[in-house]
Structure formats: structure tokens, C-alpha cells
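Got your viewer open and your selection tool ready? Let's take a walk through this one, stop by stop.

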Amino acid sequence: LDPETSSRIANIIRPFSQIFIRMIRMIIAPLLFGTLVVGIAGAGHFKDIGRMGLRAIIYFEVVTTIALFIGLVVVNVMRPGVGVVLPAATEAPPVAATAQTWDQIFLHLVPTSIIEAMATGDVLQIVVFSLVFGIGLGMVGEKGKPMLHWCESLTEAMFKVTNIVMLYAPIGVGAAIAYTIGTSGFSVLRNLAYLIFTFYVALFIFYAVVLIPVMVMFRIKISD
């Protein structure tokens, strides 16, 4: 096909890939809310929750820092994006950006409305509200059991919804690949394949350097 026809067909296919992205974003807020509330409110005594949360935060920060370092090293060594020619971006009006102060960033953690946070997909605000709501629900005691059961049902239902979304994944990913080829040509597949290979190299190093030593250190067995 000539480039003009390929581009036209690619634009027809593109909405099918965008639908998949929208479906992924659709499930994030309720799934995150349900799992966090159930995990906090159903964990038991808050001293144990605090101790477990502190250890989890330390582990998360250390492991994330190591993962970022490994990713930066692998990307700078293998350089998967070198030689990729991206299509010219359409001109957009300049956006006036202002530097945020520390107090603005700090205030942004707390949502003024959880509905607004879920509507805009602000994950950090959803996490903060879910943590506070889970603690409050745990403090209610027996009267909070129906709400806790509701959150458990919500979580199970959202996992089923996630399975439904994953059934659409081949169509969404296939449409995304078709759009990329239609707009950039078959040569882009070589660069994408090398990018995936770089990703797996970084994962292998992360498993070998971080996850496997952690499993050995804490005697974690992989279930069959």
C-alpha cells in the first residue's frame, strides 16, 4: 500500500487501540480502592498494620531505587531508541507551566473530592483516601463489617472485570501495532523488538540481583 492509504487505514484502526487504553484506565480506581481498603481494614490490629506498612515502604523505596538504577544503566548501555524516526508532532499552543512549591505538592496529596480524584485518575489521591478510609473502617469495628464485605465483593468483581479486559488485549495490542506500522512503516518493528529485548535484559538483571536474593534471604518459597 502507498503511504497515504496506509496512514488512512491506520487512523481507522487506531480507535480500537485507544479503547484498550481506556479500559485499562477504567479499572484502576475501583480496583485500587477495593484492594487497599480490604488490605488495611481486614489486617487486624493497627500496631501490626503500622509495623507492616513501615517495612513495606522501606522495601518499596529500596527496591524501586535499585530497579530505576538498573533500568538507567541498561538503557544507556544498549540504547534501544537510537535511530528511531518519530512522525512530526502537530503544533500545539504553548502551555504556560509554573513551578510548584513544596506546599502545593504536599497539599495535592489530599483530595478535595474522591469522586473528582477517581474521575481524573489521580492515583496518588485515590491511594491517600483509600488508606484513610480503610483505617476509619477498621476503627468502626463490627458495624463496619458490611462495608468491608462490600469492598471485598468490589475487589473480586473488579478482578473479574480485569479478566474481561484482558480478553480484549489481543485486539487492542494488535490495533496499536497496526497503527504504528501504518504510520511509521515496517522498519519500526526492528526497533520495537530491540526495545522489548532490552526490557527483558533489565528484568533478568533485576531478578538475579534483587528478587532472587530477597527470596533466599527471607526463605520465600515459590508455590507450584
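Start by selecting Phe 33, Phe 129 and Phe 133, which together form one aromatic cluster. Keep in mind throughout that this is a predicted model.

Now narrow the selection to two members of that cluster. Phe 33 and Phe 129 are one of 6 aromatic pairs in the count. Their rings sit 6.2 Å apart, centre to centre, with 20° between the planes, and that makes the pair stacked, because planes under 30 degrees apart get that label. Colour by helix and you'll see what the pair joins: Phe 33 belongs to helix α1 (residues 3-41) and Phe 129 to helix α5 (residues 123-140), so the contact ties together parts that are 96 residues apart in sequence. Are the two rings buried or exposed? Phe 33 is buried, at 9% relative accessibility, while Phe 129 is partly exposed at 28%.

For a contrast in geometry, jump to Phe 199 and Tyr 200. Here the ring centres are 5.6 Å apart and the planes meet at 65°, so this pair is edge-to-face. Phe 199 comes out as partly exposed at 47% relative accessibility, and Tyr 200 as exposed at 52%; the line between those two classes is drawn at 50%.

Zoom out for a moment and switch to cartoon. The protein has 7 helices and 0 strands, so reading along the sequence gives α-α-α-α-α-α-α. Of its 224 residues, 22% count as buried. Take the contacts with a separation of 6 or more: 79% of them link residues 24 or more positions apart.

Back inside, then. Nonpolar side chains tend to be buried together in soluble globular proteins. Which residues have the most contacts inside the largest nonpolar core? Select Phe 20, Phe 33, Val 37, Leu 137, Met 158 and Val 165; the core they belong to has 15 residues. Helices α1 and α6 are the elements that give two or more residues to this core. Phe 33 turns up again here, having already appeared in the aromatic cluster. Next, click on Met 158 and show its neighbours: leaving out residues up to four places away in sequence, Met 158 touches Ile 27, Pro 30 and Leu 31.

There is also a second, separate core, with 8 residues. To find it, select Val 63, Ile 70, Val 74 and Ala 202, which are among its members.

Time to turn on the surface. The protein exposes about 16600 Å², and carbon and sulfur atoms supply 71% of that. Pick out Val 173, Ile 177, Phe 186, Leu 189, Leu 192 and Leu 195: these make a nonpolar surface patch of about 530 Å². Two elements, α6 (145-184) and α7 (187-217), each give two or more residues to the patch, and α7 has the largest share, with 3 residues. One to centre on is Leu 189, which sits in helix α7 and is partly exposed at 33% relative accessibility.

Last stop: Met 139, in helix α5. Is Met 139 buried or exposed? Met 139 is exposed, with 63% relative accessibility. Draw a distance from its C-alpha to that of Ala 41 and you should read 8.1 Å, although the two residues are 98 apart along the chain.

Terms used
Residues are numbered from 1 along each chain as its sequence is written. This is a predicted model: local features need pLDDT of at least 70, side-chain atom pairs count only at pLDDT 80 or more; totals for chains, interfaces and linings use all residues. Side-chain values use heavy atoms; hydrogens and water are left out. Rings of Phe, Tyr and Trp (its six-membered ring) pair if their centres lie within 6.5 Å; planes under 30 degrees apart count as stacked, over 60 as edge-to-face and the rest as tilted. Helices (H or I, at least four residues) and strands (E, at least two) are DSSP runs, numbered from the N terminus. Buried means under 20% relative accessible area, exposed over 50%, partly exposed in between (1.4 Å probe, protein chains only). Patches are made of residues with over 30% relative accessible area and no salt bridge: like charges are joined within 9 Å, nonpolar side chains (Val, Leu, Ile, Met, Phe, Trp, Tyr) within 5 Å. Accessible areas come from the Shrake-Rupley method with a 1.4 Å probe; for residues, only the protein chains shown count as cover. A salt bridge is a side-chain nitrogen of Lys or Arg within 4 Å of a carboxyl oxygen of Asp or Glu. A nonpolar core is a set of buried Ala, Val, Leu, Ile, Met, Phe, Trp, Tyr and Cys residues joined through side-chain atoms within 4.5 Å. Contact means heavy atoms within 4.5 Å.
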